[in-house]
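Colleague: I'm new to this protein and would like to understand the words people use for it. Could you show it to me and take me through the reasoning?

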Amino acid sequence: MISPQEAQYITESQIAIKWDDGTEGFYTAQQIRQACRCAQCVSEMTGEQILKPESVSEELTFLDWQQVGNYAYNFKFSDNHSSGIYSFDHLKKIKP
Ligand SMILES: [Zn+2]
């Protein structure tokens with residue numbers, strides 16, 4: 001499993017994650033918010049995305065984030081959405 005070595009803010013709407021395979025990914029709040037797989041954003045029944053990606057503003061910013069166990073991050077966004085748990089594998093897939 002892939003793990004981050006380091007994660008930091010570039011701006012309030014962009015973070016950089018350095019992975020332990022030597023790669024580095026840059027993520028905007030919009031990109032991560034659009035990939036949210038919480039029960040409000042993706043149907044648990046069908047796996048279909050409920051969230052409309054185009055409804056996520058490109059001005060969206062991160063309010064906070066924290067590591068969850070040793071496998072994921074939780075992000076809090078300026079639209080007050082904070083229920084998404086993003087496994088490192090999922091994040092890596094957003095920006096391989
Ligand atoms: Zn969500």
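Modeller: Gladly! Let's begin with a term: a nonpolar core is a set of buried Ala, Val, Leu, Ile, Met, Phe, Trp, Tyr and Cys residues joined through C-beta atoms within 7 Å. Please keep in mind that this is a predicted model.

Colleague: What makes up the largest nonpolar core here?

Modeller: The largest nonpolar core has 15 residues. Those with the most contacts inside it are A29, I32, F62, F75, F77 and Y86. Two or more residues come from each of β2 (14-19), α1 (29-34) and β5, and β5 gives the most, with three residues. In soluble globular proteins, nonpolar side chains tend to be buried together.

Colleague: Which residues does F75 touch, beyond those up to four places away in sequence?

Modeller: F75 touches I32, F62, W65, S82, G84 and Y86.

Colleague: Let me step back to the whole chain. How many helices and strands does the protein have?

Modeller: There are two helices and six strands. From the N terminus on, the elements run β-β-β-α-β-β-β-α.

Colleague: How do you know that the radius of gyration agrees with that of a compact globule?

Modeller: A compact globule of 96 residues would have a radius of gyration near 12 Å, and the protein has 13 Å, so the value agrees. The C-alpha atoms fill a box of roughly 35 × 30 × 20 Å along the principal axes. Of the 96 residues, 18% count as buried.

Colleague: Why are β1 and β2 called a pair?

Modeller: Two strands pair if there are at least two bridges between them. Six bridges join strand β1 (residues 4-11) to β2, and the strands run antiparallel. The cut-off of at least two is met, so the two strands count as a pair. One of the bridges puts Y9 opposite I15 in β2. A hairpin joins β1 to β2 through two residues.

Colleague: And what makes β2 and β3 a pair?

Modeller: The reasoning follows the bridges again: β2 and strand β3 (residues 24-28) have five of them, in the antiparallel sense, and at least two are needed. A16, for example, has F26 in β3 as its bridge partner. The hairpin of β2 and β3 has four residues between the strands, and there G22 takes a positive phi near 95 degrees.

Colleague: Which strands form the open sheet of three strands, and in what order?

Modeller: The order is β4-β5-β6, with antiparallel pairing.

Colleague: Why are β4 and β6 called edge strands?

Modeller: Strands β4 (62-68) and β6 (85-87) each pair on one side only, and they are the edge strands of this sheet. Neighbouring strands in the sheet are turned by 30 degrees against each other on average, direction ignored. Strand β5 (residues 72-77) pairs with β6 over three bridges, in the antiparallel sense. Within that pairing, N74 stands opposite I85 in β6.

Colleague: What about N80: why is it called exposed?

Modeller: N80 has 7 C-beta neighbours inside 10 Å. A residue is exposed if the count is 12 or fewer, so N80 is exposed. N80 lies in the loop between β5 and β6. Its phi is near 70 degrees, a positive value in a residue other than glycine.

Colleague: Where is K92 found, and why is it called partly exposed?

Modeller: K92 is found in helix α2 (residues 88-94). Its count is 19 C-beta neighbours inside 10 Å. Buried would need 20 or more, exposed 12 or fewer, and partly exposed is in between, so K92 counts as partly exposed. Leaving aside residues up to four places away in sequence, K92 touches I2 and W19. K92 and D21 are 71 residues apart in sequence and 11 Å apart in space, C-alpha to C-alpha.

Colleague: Last one: is M1 buried or exposed, and how do you know?

Modeller: M1 is found in the segment before β1. It has 9 C-beta neighbours inside 10 Å, and exposed means 12 or fewer, so M1 counts as exposed. Apart from residues up to four places away in sequence, M1 touches F88 and D89. M1 and D89 are 88 residues apart along the chain, and their C-alpha atoms are separated by 7.1 Å.

Methods. Residues are numbered from 1 along each chain as its sequence is written. This is a predicted model: local features need pLDDT of at least 70, side-chain atom pairs count only at pLDDT 80 or more; totals for chains, interfaces and linings use all residues. Axes are lines fitted to C-alpha atoms, for helices over the stretch in contact, and angles run from 0 to 180 degrees between N-to-C directions. Two residues are in contact if their C-beta atoms, placed from the backbone, lie within 7 Å. The radius of gyration is taken over C-alpha atoms; the globule rule is 2.2 Å times the number of residues to the power 0.38.
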